[in-house]
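Me: I have a structure open and some questions about how its parts fit together. Can we go through them one at a time?

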Amino acid sequence: MNFIETRGNDNVKPQEVTFSQAILSPSASFGGLYVPKNLPILNLNDIDKLRNLSYKEVASFVLNGIFEIDIDKNTFDEAVGLYDKFDDSKNPAPVVKVKDDLFVSELYHGPTRAFKDMALQPFGHILSTLAKKQGDNYLILAATSGDTGPAALNTFKNKSNIKVGCLYPDGGTSDVQRLQMVTEDGTNLKVIGIKGNFDDAQNALKNLLSSESFKEELKSLNIKLSAANSVNFGRIIFQIVYHFWSYIELLNQQEITLGEKIYLIVPSGNFGNALGAYYAKKMGLPIEKILIASNQNNILTHWINEGSYDLNNKQLIMTNSPAMDILKSSNIERILFDKFGSKRTKELMDDLNDKNCFSLDSNELSILREDFDATYCDDEYCKTTINKYLIDGYMMDPHTATCIKSYETIKEKDLKVVVYSTAEWTKFSPTVLNALKEDKVKYHDIEALNEIESKFNAKIPDVIKEVFSKEIIHKTVINKEDIQKALKDFIS
Ligand SMILES: *Cc1c(COP(=O)(O)O)cnc(C)c1O
């Protein structure tokens, strides 16, 4: 399977690239992204056969078997072997029944307790193996709203031929998320706080990725540039697998019969998770619709309901679900490409660049809504939800809680629902404690963790407890104008 570009080809870059080329060098012509040339289709028989496979085998079947990515079997097996480090090596993404028609797919059982591990663990192994084999050195950039950073640092730590520059918004993450990053001690890692928000961090990353002068400077140091964000298709491809897994889990739990449609509800920011769901649907997984959950940064809600994506007069709001505090969502570009082609995608993306806004026409909007619907909720709704569900015995984090609004208000048909839980409660414990006690006290993470553990009999994994006693290694906090210089100092 080869990969092509969302905004068309500039006659300088190759017309098509392999999977390994697309992940080593993720920036495509005109600032576009790489996408698969065509998607393989599975029929119900194929899906039925997946029922007897382990998660790792499903991943191999989908990615190596039918996507035929150009990664040798050994490297791929080692990569998916990293799922053995998850809480339950046989089932890294368990689907838990919460109500008759409501199931939660828990994607946070990996080493950094957020769903970013699902893709970054195997992706990191593949990328560093490729770099080593080719004898090339890479600077991997990661812009994070809080979970990509720890997961990227964890996966690339002490890997030869790799250096990681990780940018996070200072003050925009939880204590646990920040500590997970600034205490990470790999010699090849640089963590930089920036005075700004996630969009600033991600914009800086995208500018560096497409900056010829930066690449030239790196070249003189014999270093190539890549990215760990979901602009990199190497992450997306692993995010297709768990949607298949959710369906197989429901089949095996005898909650659905083969071919029965389900809803997926995805708490969304950069739209990587939702894009994986969309690809799974196109590949034949019986999904009724993908419901997109947002917080008060509800630009995706507006886009999917009205067709216009408008950044004008939009200020990023800091919410209790900070991983979704994003206005410029990268992966909707891949949806636009899939539905409307490269010419129209380039037109719309140019509009977004020039006018801070693009609009679908009414026909395009109805095509988009064949697969998606969307709503959002505020922090109060979110906390009430956490409280209500704990009474029924299920503890969820604030990102997961945003999905419940979609479940309660925009699910039209009487079908089973899978909600994606993207983080463990331990990463956002002050909000969870506020929800449980119905108070507004500003707790420190460590206080909230301990109180929830003792009062609600919830378990805190060691990897979370440990960050509070580890030495702080990365102390750099800078203005966004100084990012390029800080990265240069780091690599030279
Ligand atoms: C990254 C993240 C999201 C958003 O996922 P996207 O794939 O960027 O849409 C949601 N919740 C949590 C906890 C995350 O870390």
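Reply: What follows is a short chat about this model, which is a predicted one.

Me: Let's start with helix α6. Why is it described as largely enclosed?

Reply: Helix α6 covers residues 148-156, and eight of its nine residues are buried, so the rest of the structure largely encloses it. The buried ones are T148, G149, P150, A151, A152, L153, T155 and F156.

Me: And what do those buried residues pack against?

Reply: They pack against three helices and three strands by name: α5 (116-134), α7 (175-182) and α10 (233-252), along with β5 (137-143), β6 (162-169) and β7 (189-195).

Me: Which residue just after α6 has a positive phi?

Reply: That is N158, with a phi of about 60°. Most residues other than glycine have a negative phi.

Me: Where else does that turn up? Say, where does N313 lie?

Reply: N313 sits in the loop between β11 (308-310) and α13 (332-355). Its phi is positive, about 60°, although N313 is not a glycine.

Me: Is N313 buried or exposed?

Reply: N313 is exposed, with a relative accessible area of 83%.

Me: What about N356, where is that one?

Reply: N356 is in the loop between α13 and β12 (357-359). N356 also is not a glycine and has a positive phi of about 60°. With a relative accessible area of 33%, N356 counts as partly exposed.

Me: Back to β7. How many of its residues are buried?

Reply: Five of the seven, so β7 is largely enclosed by the rest of the structure.

Me: Which way do β6 and β7 run, parallel or antiparallel?

Reply: Parallel, and six bridges join them. One bridge pairs P169 with I194 in β7. To get from β6 to β7 the chain passes through α7, and this β-α-β crossover is right-handed.

Me: What does β7 have to do with β15?

Reply: β7 pairs with strand β15 (residues 477-479) in the parallel sense, over three bridges. In that pairing, I194 stands opposite I478 in β15. I194 is also the bridge partner of P169.

Me: Different topic. What is the strand order in the open sheet of six strands?

Reply: The order is β3-β4-β14-β9-β10-β13, and the pairing is mixed. The edge strands are β3 (95-99) and β13 (372-376), each of which pairs on one side only. On average, neighbouring strands in this sheet are turned by 25° against each other, ignoring direction.

Me: How many bridges join β10 to β13?

Reply: Five, and the two strands run parallel, with β10 spanning residues 287-294. Among the paired residues, A293 has T375 in β13 as its bridge partner.

Me: Last topic, cysteines. How many disulfides are there?

Reply: The count is zero. C377 is in no disulfide, and the nearest cysteine sulfur, in C382, is 5.1 Å away. A disulfide here needs two cysteine sulfur atoms within 2.5 Å.

Me: Why is C403 not bonded to C377?

Reply: C377 holds the cysteine sulfur closest to that of C403, but the distance is 8.7 Å, which is too far for a bond.

Me: Are C377 and C403 buried or exposed?

Reply: C377 counts as buried at 2% relative accessibility. C403 is buried too, with a relative accessible area of 0%.

Methods
Residues are numbered from 1 along each chain as its sequence is written. This is a predicted model: local features need pLDDT of at least 70, side-chain atom pairs count only at pLDDT 80 or more; totals for chains, interfaces and linings use all residues. Side-chain values use heavy atoms; hydrogens and water are left out. Buried means under 20% relative accessible area, exposed over 50%, partly exposed in between (1.4 Å probe, protein chains only). Helices (H or I, at least four residues) and strands (E, at least two) are DSSP runs, numbered from the N terminus. Contact means heavy atoms within 4.5 Å. Two strands pair if DSSP finds at least two bridges between them. Axes are lines fitted to C-alpha atoms, for helices over the stretch in contact, and angles run from 0 to 180 degrees between N-to-C directions. A crossover is right-handed if, with the strands pointing away from the viewer, the path from the first strand over the helix to the second runs clockwise.
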